[in-house]
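The exercises below ask you to read strand pairing from a structure, one step at a time. Keep the sequence and the 3D view open while you work.

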Amino acid sequence: MILHLYNTLHRAKMEFVPLDEEHVRVYVCGPTVYDDIHVGNARPIIVFDVLYRLLQEMYPRVTYVRNITDVDDKIMDRAAGRGEGINDLTERTILQFHKDVEALGNLKPSIEPRATDHIDDMIRMIDVLISQRFAYMAEKHVLFHVPTLADYGRLSGRNRGELVAGARVEIAPYKKDPADFVLWKPSTEKQVGWESPWGRGRPGWHIECSAMSTKYFGPDFDIHGGGEDLIFPHHENELAQCRCAHPDSSFVQYWLHNGYLQSEGQKMSKSTGNFYTVKEILGEGEREKMWRGESIRLMMLGTHYRRSLDFTKKGLEDAKRKLDRWYRVLGDFKPEVVSPNEEVMEALCDDLNTPRTLAIMDALCSRISAGREEASEARGSLYAGARVLGLLQYDNEAWFQGVMSTDAYEEGDGIESLIAQRLAARQERNFDAADSIRNTLLHRGVVLEDKPDGTTIWRRTT
RNA sequence: GGCCGAGUGGCAGAAUGGCUAUGCAGCGGAUUGCAAAUCCGUGUACAUCGGUUCGAUUCCGGUCUCGGCCUCCA
């Protein structure tokens, strides 16, 4: 099976050939930890988690690095605004981040480096750039000099003339060239900072990913991913730094970028508050807002990763229903072999075509429940397909009846006793009483199903 | 203004130069005390105008519309 991936650098789908067949290396830009992640931040994490799982199916060893940006002006501003220490803010945010991404069914990355643990690596790289005359000092800043790299702009498909012409931001007077960007900037006494050959200061944004990817992978590696908004300037500048610091290397072989999210048909915007945080969608105790992480995940995978996706409550409901169906069809089935079938692999190997994968799995599901399929084999395929997507990770009972938050629901005992009362009423053919109990439970988010053998099962609606 | 991407049936969303996407919703039926779940059957599409072609939703060009990026936002 050959994996094809859309490479932003070449604007085309290309066959994936790893630099080292024995060890595939993937780097993805992680969060800046000044606030809880929103559903837009969750998309690249889910998408590249699927890529990570797929690569693990195909190659003996995969290293997945996803960084945490814990030094940034937004962090400093937020902490100052709250009168809180920077470490308190970042530690708390990272804790919530880990809860969120786990609830969304993501594997842990192999390495999760933090920017603040790699200041020395950044300083060394900046030093090389200065000594090779790709960077210069000006008013306590160190700046990368863009004209030193002839084909700067190759990744984002723009030239310097366009950049300068379209610049919306005021250009700092100490820049030799308007396109030059910061590698190191000075910190005041009160601001967080580190000693460096250029005085006490802190790194610019782009240098951290360059320094950390180089540290863990060396100057060349396979895949670098992130949201499409990172193409410019972040990834363009990473590329520039790395190619200048390591002139014999081409840095990243495959650049992958996921599309943006909209929210309920509107642009997601922090200023209008038009976005959901992951924490919010996962509920934290409010039943109406409570959604399973897997519902969010499935919804995200229902649209191809490079297209824009409208995040809606209706979409979550659809995803939940689809998962119900899959869980129902599988029951307590656990297969011995969990390799996805060829059809599923083919769809995923076509630039992670998850919508097509889902269609294949729906077809499997229909064939199983219509009794037209050698059930255990089809169930195995369904299970394995779900596994490579990071879905169906719950036990059946936990999915249908489990509580997501301890204080959110009544105990299951109350439900069982009401079901028993209803059964008695039905046996007396007192259907009004029976229906009233069913409605009571429905209002508590519990749906009943009477089975042909006279038993009644129940499940939660969220 | 520059660059990039997209426009598919009621909704979501794939593939494809000629052949059913799929899911949800709808409609008809089976089943059920009623439901729920499940099954069977069923309708609706390819923004627009040209071009290439035996044939285009699919390729090319124009138009319109929408979205994204244009120095620190995934």
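**Exercise 1.** In this predicted model, which residue in strand 6 does Tyr 136 stand opposite?

*Solution.* Begin with the two strands concerned: strand 5 and strand 6 (residues 141-144) run antiparallel, and four bridges join them. Following this pairing across from Tyr 136, you arrive at Leu 143 in strand 6.

**Exercise 2.** Work out the order of the strands in the open sheet of four strands, and find which are the edge strands.

*Solution.* The order is 5-6-7-8, and the pairing is antiparallel. Strand 5 (135-138) and strand 8 (201-203) are the edge strands, since each of them pairs on one side only. From one strand to the next, the twist averages 25°. As a last step, look for the helix that packs on this sheet: helix 4 (residues 119-131) touches strand 5, strand 6, strand 7 (181-186) and strand 8, and its direction makes about 120° with that of strand 7.

**Exercise 3.** Describe the hairpin of strand 14 and strand 15, and decide whether strand 15 is mostly covered or mostly open.

*Solution.* First consider the pairing, in which strand 14 (residues 446-450) and strand 15 are antiparallel over five bridges, with Glu 449 standing opposite Ile 457 of strand 15. Next, turn to the connection, where five residues lie between the strands and Gly 454 takes a positive phi near 95°. Finally, taking buried to mean under 20% relative accessible area, four of the five residues of strand 15 (residues 456-460) are buried, and the strand is mostly covered.

Technical notes:
Residues numbered from 1 in each chain as written. Chains lettered and ligands numbered in written order. Predicted model: local features only at pLDDT ≥ 70, side-chain atom pairs only at ≥ 80, totals over all residues. Heavy atoms only, no water. Buried < 20%, exposed > 50% of the residue type's maximum accessible area, 1.4 Å probe, protein only. Pairing = 2+ DSSP bridges. Axes fitted to C-alpha atoms, helices over the stretch in contact; angles between N-to-C directions. Contact = heavy atoms within 4.5 Å.
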